Amino acid sequence: VSCRDKVGRNNALVDGFAANASLDPVMVMVGIVPSRFSHHMVKETGCFVINLPKKNFAKEYAYLGSKSGQDEDKFAALDLKWTDATYVNAPILTDCPVSIECSVDDSVLPGTHELFIGKVEAVHVDEEYLDANGNILWNKMDLM
């Protein structure tokens, strides 16, 4: 999950709590522990991007999951490639073949994680993983 705070700092974290939340309207859910650096970013800006990495992103994935943006700029430390999202104020990790832009519709704190329900604003997929009709070819991706 990638996000940006109000002053423009980018951050990304590995999120083990992610799922579909609704088919109509299309919504997803991510869970973030309130003590995590990214939590306040999503809470303040009301948006995030889910990035689906391929297996060759394992080194970056491990780093993003073990370091805190509170202590360092993880984007700079990893020289992450990114671009601004189209519809939300958050970065897209361009080395990931699928990125899902989301605006927070609601959140709930049932226990350890705050669950952010995000309305899907856009889905970006590398062209090599789309068929002639625009369908995603999931079996061609080597996702983590």
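**A walk outward from I50**

Let us start inside the fold: leaving aside residues up to four places away in sequence, I50 touches V1, V28, V30, V98, S99 and I100, where contact means heavy atoms within 4.5 Å. Before we go on, please keep in mind that this is a predicted model, in which local features need pLDDT of at least 70 and side-chain atom pairs count only at pLDDT 80 or more, while totals for chains, interfaces and linings use all residues. Residues are numbered from 1 along each chain as its sequence is written, and side-chain values use heavy atoms, with hydrogens and water left out.

I50 shares a distinction with F48: within the largest nonpolar core, which has 19 residues, these two touch the most other members. A nonpolar core here is a set of buried Ala, Val, Leu, Ile, Met, Phe, Trp, Tyr and Cys residues joined through side-chain atoms within 4.5 Å. Buried stands for under 20% relative accessible area, exposed for over 50%, and partly exposed for what lies in between (1.4 Å probe, protein chains only). Two or more residues of this core come from each of β4 (26-32), α1 (37-45), β5 (47-52), β8 (98-108) and β9 (114-125). Another core, of eight residues, lies apart from it and has F57, L80, L93 and C96 among its members.

Now look at α1 on its own. Its buried residues are F37, S38, H39, M41 and V42. An α-helix has 3.6 residues a turn, so residues three or four places apart point the same way. What covers the buried residues of α1? The cover includes β1 (2-4), β2, β4, β5, β8 and β9. After the helix comes G46, with a positive phi near 70°.

Next, step back to take in the whole protein. How many helices and strands does the protein have? There are three helices and nine strands, counted as DSSP runs numbered from the N terminus (helices: H or I, at least four residues; strands: E, at least two). Along the sequence they follow the pattern β-β-β-β-α-β-α-α-β-β-β-β. The radius of gyration is 15 Å, close to the 15 Å that the globule rule gives for 144 residues, so the protein is as compact as a globular protein of that length. This radius is taken over C-alpha atoms, and the rule is 2.2 Å times the number of residues to the power 0.38. Of the 144 residues, 42% count as buried. Among contacts with a separation of 6 or more, 59% join residues 24 or more positions apart.

The loops deserve a visit too. F17 sits in the loop between β2 (10-12) and β3 (18-23). Is F17 buried, partly exposed or exposed? With a relative accessible area of 42%, F17 is partly exposed. Not counting residues up to four places away in sequence, F17 touches M29, V30, G31 and H113.

Two backbone details round off the tour. Most residues other than glycine have a negative phi, and most peptide bonds are trans. The peptide bond from D24 to P25 is cis, with omega near 0°, and P25 lies in the loop between β3 and β4. D79 is not a glycine, yet has a positive phi of about 50°. Its place is the loop between α3 (74-78) and β6 (82-84), and D79 counts as exposed because its relative accessibility is 64%.
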